[in-house]
Amino acid sequence: IKTGDKNGDRKCALIIGFLKERDSAKASEISEYIGNGSSMTREYLNRLVENGTIIAEGTNKYRVYRLKK
């Protein structure tokens, strides 16, 4: 994902808003909410994890994402 990617920034904002409404969510739930495929959603999630906005808990099948407190 390129820096300054307006669509990517919008999708990341949607993810943050979604996570504000719930304690945690699976990538599949987030993918469905933002209307993207799983691989693109994971790119957005990885970006948010790397910049410290959200945290990933669990491994592979059981991974959930939540806002960093």
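Which residues in helix 1 meet which residues in helix 3? The close-ups below come from a predicted model, and the first one takes up that question.

**View 1. Helix 1 against helix 3.** On the helix 1 side we have Asn7, Gly8, Asp9, Lys11, Cys12, Ile15 and Ile16, and they meet Tyr44, Leu45, Arg47 and Leu48 of helix 3. Sorted by class, that contact comes out as six nonpolar, two polar and three charged residues. Helix 1 spans residues 6–20 and helix 3 residues 38–50; their axes come within 10 Å and cross at roughly 75°. Angles of 65 to 115 degrees count as roughly perpendicular, so helix 1 is roughly perpendicular to helix 3.

**View 2. Helix 2 against helix 3.** Here helix 2 (residues 27–34) packs on helix 3 at an angle of about 105°, the axes being 9 Å apart. That makes this pair roughly perpendicular as well. Ala27, Ile30, Ser31 and Ile34 from helix 2 meet Ser38, Thr41, Arg42, Tyr44 and Leu45 from helix 3. The class tally for this contact is five nonpolar, three polar and one charged.

**View 3. The aromatic pair.** The structure has just one of these. The ring centres of phenylalanine 18 and tyrosine 33 sit 4.4 Å apart with the planes at 25°, so the pair is stacked; the cut-off for that label is under 30 degrees. Phenylalanine 18 belongs to helix 1 and tyrosine 33 to helix 2, 15 residues apart, so to speak a link between distant parts of the chain.

**View 4. How covered the two rings' residues are.** Phenylalanine 18 counts as buried, at 7% relative accessibility. Tyrosine 33 is partly exposed, with a relative accessible area of 41%.

Notes. Residues numbered from 1 in each chain as written. Predicted model: local features only at pLDDT ≥ 70, side-chain atom pairs only at ≥ 80, totals over all residues. Heavy atoms only, no water. Axes fitted to C-alpha atoms, helices over the stretch in contact; angles between N-to-C directions. Helix = DSSP H or I, 4+ residues; strand = E, 2+ residues; numbered from the N terminus. Parallel < 35°, antiparallel > 145°, perpendicular 65-115°, else oblique. Contact = heavy atoms within 4.5 Å. Nonpolar A, V, L, I, M, F, W, Y, C, P; charged D, E, K, R; others polar. Phe/Tyr/Trp six-rings, centres within 6.5 Å; stacked < 30°, edge-to-face > 60°. Buried < 20%, exposed > 50% of the residue type's maximum accessible area, 1.4 Å probe, protein only.
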